[in-house]
Amino acid sequence: MAPACGSRGSWPSVATALKLFWTLVAVTRPLLVLAEEYPSLSLRHQQGSSCCPGFWEADWDGEQQYAAIAGDGDSSILHFHDSDCDLQGSSSCEPLLSCTTEKLLSQAKILAKGKKIPFATDDDYTNEELAIAYVLIGNGLYEEAIHHFSTMLQEQPELISAIYGQGIAYGKKRQHDIKNAELALFELNRVINLAPDHPEVFEQRAEILSSLGRISEALTDITKAIQLKRSAQLYRHRGILYFISEDYATANEDFQDSLELNKNQPTVMLYRGLSFFHRGLLKEAIEIFKEALKQKSDFIDAYKSLGQAYRELGNFEAAAENFQKALMLNQNHVQTIQLKGNMLYHHGSLDEALKNFKRCLQIEPYNEVCQYMKGLSHVAMGQFYEGIKAQTKVMLNDPLPGQTASTEYLKVKYFREYSRYLHAHLDIPVTEYNIDADLPGKFKDHWVKNLPFLIEDYEEQPGLQPNIKDVQLHKFENYKSSVQEMICVANHLGSLMQYETVGFLPNKRMHRAMGLAVLEVMQAVQRTWVNSKVRMNGKTKLMQWRDMFDIAVKWRRIADPDQPVLWLDQIPAQSLSRGFNNHINLIRGQFINMRYTEYFDKILHFIKDRILVYHSANNHKELLEVREALEQVHKVEDLLPIMKQLNSKTRDGFTIHTKVPSLKNPGKEYDGFTITLTGNRIGNLLFSVETQTTEARTQLYHTEIDALYKDLTMKGKTHLLSAEPRETDVICNLILSVLYYFCNLMPLSRGSSIVAYSIIMGALMASGQEVSGKIPKGKLVDFEAMIASSSEAFSKVAKSWLNLKSISPSYKSLPLVSESFPTLRTMMEALSADSSHCLKRL
């Protein structure tokens with residue numbers, strides 16, 4: 001939907017990526033951890049008894065043992081396959097533990113004989129002792145291995161293999177005690193001092209450093225290992241570390257190098273796709289995910305990632321198909337269930353979304369995202385009791401000391417208070433109260449800024465009242481036929497507001513809500529033009545422009561209650577005096593916001609023009625040099641280095657302000673938006689736009705919109721009374737001018753774009769003109785208004801796609817929206833009703 005900014009959902013966090021890194025690099029703990037304790041050095045002299053043949057031989061040989069421990073190759077120490085032994089108690093396997101000594105010794109001898117241990121010596125006896133300790137590591141017996149190595153080091157203090165093995169064993173123990181990580185580093189440092197030309201040691205040390213969050217040091221070690229010996233594994237490991245550091249471009253280069261050395265690496269292919277995804281290069285990511293699936297057809301994470309990439313593109317069908325393929329491989333894959341549920345919610349399929357969140361919580365009862373989204377889905381459908389119960393569970397999940405609070409935890413206290421407010425007003429006519437006036441000022445200020453819920457002297461909303469029942473599902477066929485017709489028309493009108501742009505998922509619930517807003521605006525404006533008063537915010541009066549916009553705002557709020565859609569001029573004056581910024585990152589670091597790429601060139605041309613204007617006014621001598629330099633700039637990323645060369649004051653960046661010309665006072669200009677370009681190198685760039693809402697700026701825009709609305713009302717009245725309406729074009733220009741100033745003001749915390757567009761459509765219908773065209777691909781209404789040089793320029797652009805035609809007479813027979821859905825309860829019922837019957841009417 002046009003206004004809804006869909007979230008990215010769950011993607012590999014730093015912790016997740018690190019976990020994968022350790023899994024790829026580290027020695028895998030075996031499936032069976034032996035229970036017996038073995039005295040060091042005496043292992044070779046113990047005897048065992050017979051046991052299940054082949055159990056310890058499964059996927060185990062000296063080559064793999066050395067490769068895994070030394071960090072050279074992709075094998076883990078042990079990969080157990082199913083055997084005839086049933087670990088739960090097969091009689092044939094009863095002597096398993098009693099036979100392990102013999103088998104361990106057997107494996108140690110194989111390793112020692114082939115010198116398949118790190119830093120093997122020329123002494124067979126020493127190699128056998130070393131091999132025993134490495135076998136102990138392979139079986140998860142780290143303490144025993146450390147004791148074994150320590151005993152050997154008492155006799156040979158500089159035995160490199162023993163020092164190295166001891167470092168590995170301490171590294172494996174780090175998850176139990178962080179002190180072990182420091183001990184591991186101490187031992188590995190000793191090895192590097194004694195043998196500085198072994199890449200596997202640097203790789204092992206990098207693993208420990210990365211687990212401690214010392215990523216830059218880990219990168220240095222992996223780079224050193226690559227210099228000593230290039231391998232697919234080393235490039236893969238370094239790529240993951242760059243990925244963790246959010247240096248996705250460099251990570252991609254390493255993944256590519258890894259694949260050139262070893263093409264068959266689906267996990268590397270997956271991470272290469274993710275490195276494109278996190279830079280906003282969705283189409284490139286999709287192709288890489290598909291390549292990963294060619295290598296591994298049952299790769300769940302690749303299907304999941306492919307689904308999420310399609311979701312970000314706005315392709316619901318392709319996303320759903322790939323999420324389903326992932327779940328067919330593992331019906332309990334929590335991340336896929338969570339992402340699918342999130343997509344369904346933002347598609348407007350709340351029932352289906354709720355099923356996914358419930359399933360997610362069956363598998364992971366403490367999944368905070370699913371718990372929050374479950375509560376949100378319930379509340380959006382009017383099921384407040386279940387919704388607030390889920391919200392409370394999220395609230396109880398306090399972050400640990402030093403732990404960053406999750407987004408869900410930060411939002412949930414505001415959402416619970418808002419849910420209580422909505423529940424208390426379920427059956428009160430929406431014309432009799434005002435959310436912006438009722439909610440406390442500091443609450444609104446903190447909510448729109450997503451601040452921690454630390455509000456002094458805050459008085460909680462009353463709890464749920466038992467006499468107010470939850471909203472029940474209202475069957476579509478139970479509505480009067482005229483109301484059914486109105487809902488179907490609303491679905492169509494709302495679909496005309498859909499952005500055909502990357503990142504905007506079609507939302508059928510939002511379509512219906514804003515389609516109903518269009519019809520209600522049309523009806524209210526028509527009443528105003530015949531001097532009828534309307535009931536708004538507890539008062540009966542002639543409708544003003546703010547009242548007209550409030551109609552659309554109420555529908556936008558209820559379509560998605562997760563987002564605070566509030567008038568910014570209603571937050572506390574103290575906060576407004578400091579300014580509230582509506583901020584959009586176009587490029588942040590290596591991430592490109594693909595929603596706005598259509599406007600990059602236009603903004604770049606504007607910046608270049610402003611730079612030329614500045615230099616022509618202040619420094620005529622350098623103007624030619626500046627002009628020639630700017631002619632070489634074809635991308636925003638190239639502009640900053642040029643500016644630093646031309647102007648030492650630029651330093652790490654600069655800002656440029658746009659101006660909005662006044663229609664009311666020709667020659668006067670208002671502050672538009674601010675373009676910011678900062679950074680000290682390519683890949684560390686911030687390219688953003690923002691509007692600052694201050695009290696003074698808001699008053700200027702209000703004055704402009706007041707004048708336009710007054711003129712529109714007069715022209716509208718004349719238009720309705722005229723036997724031959726001649727001012728439709730004038731009225732259209734006035735309506736589009738209102739939208740032009742509204743979008744440049746950005747007076748709402750969320751949803752300004754779709755609220756404004758629904759006003760356009762409704763007011764035009766009131767004048768007898770119906771919008772039949774769709775918004776062109778790549779176009780965003782608010783950005784078109786913001787970059788237009790004037791209201792006339794914006795009107796010309798907008799008219800090119802509105803495709804206006806005479807309104808259908810059938811609209812006159814529709815019932816009043818405000819009377820059909822007078823309360824929050826009836827509005828929620830209308831948005832949740834199944835309207836599949838509408839398809840049969842088309």
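Is asparagine 450 buried, partly exposed or exposed? Asparagine 450 is partly exposed, because its relative accessible area is 34%. Here, buried means under 20% relative accessible area, exposed means over 50%, and partly exposed lies in between, using a 1.4 Å probe and protein chains only.

Before we look further, some ground rules. This is a predicted model, in which local features need a pLDDT of at least 70, side-chain atom pairs count only at pLDDT 80 or more, and totals for chains, interfaces and linings use all residues. Residues are numbered from 1 along each chain as its sequence is written, and side-chain values use heavy atoms, with hydrogens and water left out.

**How confident is the model?**

The predictor's confidence in each residue is called pLDDT and runs from 0 to 100. The protein averages 85, and 85% of the residues score at least 70. Confidence is lowest in helix H2 (residues 62–70), with a mean of 38, and highest in helix H15 (residues 316–329), at 98. Over residues 1–99 the pLDDT is below 50, and this stretch has 229 contacts in the model beyond near neighbours in sequence. A contact means heavy atoms within 4.5 Å. Helices (H or I, at least four residues) and strands (E, at least two) are DSSP runs, numbered from the N terminus.

**Helix H15 and its surroundings**

The 14 residues of H15 should span 20 Å at 1.5 Å a residue, and the end C-alpha atoms are 20 Å apart, which agrees. The expected span is 1.5 Å times one less than the number of residues. Among the buried residues of H15 are Phe316, Phe323 and Leu327. The buried residues of this helix pack against helix H14 (300–313) and H16.

Histidine 333 sits in the loop between H15 and helix H16 (334–346). Histidine 333 is buried, with a relative accessible area of 15%. Leaving aside neighbours within four places in sequence, histidine 333 is in contact with Ile300, Asp301, Lys304 and Leu327.

An unreviewed UniProt entry carries the annotation "repeat: TPR" for residues 232–265, 266–299, 300–333 and 334–367. Such annotations may be inferred rather than shown by experiment; their positions are given in the numbering used here, and feature names are shortened. Two of the spans are set out below.

| Span | Helix | Strand | End C-alpha distance |
|---|---|---|---|
| Residues 232–265 | 79% | 0% | 9 Å |
| Residues 300–333 | 82% | 0% | 8 Å |

**Positive phi angles**

Glutamate 246 lies in the loop between helix H10 (232–244) and helix H11 (248–261). Its phi is near 65°, a positive value in a residue other than glycine, and glutamate 246 is partly exposed at 44% relative accessible area. Asparagine 450, from our opening question, has a positive phi of about 55° although it is not a glycine. Asparagine 450 lies in the loop between helix H22 (441–448) and H23. Methionine 746, with a positive phi of about 50°, comes just after H31.

**Helix H31**

Helix H31 (residues 728–745) has 18 residues and reaches 26 Å from its first C-alpha to its last, close to the 26 Å expected. Because 14 of its 18 residues are buried, H31 is largely enclosed by the rest of the structure.
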